[in-house]
Amino acid sequence: MYDTAGALGITRSQERDIRLYMPSDGDVRIIAGFFSVFSDATRVKILSALSISDMCVGDIALVIGLNQSTVSHQLKLLRDAGIVGCRRDGKVIYYTLINPVVERVMSLGTDYVGFLMSKYR
């Protein structure tokens with residue numbers, strides 16, 4: 001526990017409430033890991049494409065304009081994060097979003113871009 005004798009601006013009651021509702025260190029690490037998924041432009045493009053339709057690696061690569069090995073690497077990271085899943089149809093593997101929170105985050109990201117565009121036009 002930190003010494004708060006010199007703290008300014010909040011009351012002891014506010015400090016107690018803040019500490020009560022702050023996520024645990026473990027939860028903070030999980031949240032940071034989740035948001036790190038969105039820190040790579042290629043992953044954001046893949047997530048955007050998959051939010052519209054399930055796709056195979058070749059189709060994703062075609063749509064976002066990257067090679068298949070780059071897309072496959074990013075899909076593995078997204079699968080490991082529990083965000084993307086896959087299903088086989090014959091010889092073709094289709095990727096799909098399996099975490100509904102991702103679509104909400106992507107929508108909020110789009111809203112944020114709209115906010116920035118309207119603010120700085």
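1. Contact here means heavy atoms within 4.5 Å. Keep that cut-off in mind for Val84 and Tyr94 below. The model is predicted.

2. Start with Val84. Setting aside neighbours within four places in sequence, Val84 is in contact with Leu47, Leu50, Leu75, Leu78 and Arg79. Its contacts also include Tyr95, Thr96, Leu97 and Ile98.

3. Val84 also stands out in the largest nonpolar core, which has 22 residues. Leu47, Leu50, Leu75 and Val84 touch the most other members. Helices H3 (41-52), H4 (57-64), H5 (68-80) and H6 (100-119) each give two or more residues to this core. Strand E3 (92-97) does too. In soluble globular proteins, nonpolar side chains tend to be buried together.

4. Now the sheet. Three strands form an open sheet in the order E1-E3-E2, with antiparallel pairing. Strands E1 (55-56) and E2 (84-89) are the edge strands, since each pairs on one side only.

5. How many bridges join E1 to E3? Two, and the strands run antiparallel. Met55 has Tyr95 as its bridge partner in E3.

6. Tyr94 lies in strand E3. Is Tyr94 buried or partly exposed? Its relative accessible area is 24%, and buried means under 20%, so Tyr94 counts as partly exposed.

7. Tyr94 has partners beyond its sequence neighbours. Leaving out those within four places, Tyr94 is in contact with Met55, Cys56, Gly85, Cys86, Arg87 and Asp89. Asp54 is 40 residues away along the chain, yet its C-alpha atom is 6.1 Å from that of Tyr94.

Definitions and conventions: Residues are numbered from 1 along each chain as its sequence is written. This is a predicted model: local features need pLDDT of at least 70, side-chain atom pairs count only at pLDDT 80 or more; totals for chains, interfaces and linings use all residues. Side-chain values use heavy atoms; hydrogens and water are left out. A nonpolar core is a set of buried Ala, Val, Leu, Ile, Met, Phe, Trp, Tyr and Cys residues joined through side-chain atoms within 4.5 Å. Buried means under 20% relative accessible area, exposed over 50%, partly exposed in between (1.4 Å probe, protein chains only). Helices (H or I, at least four residues) and strands (E, at least two) are DSSP runs, numbered from the N terminus. Two strands pair if DSSP finds at least two bridges between them.
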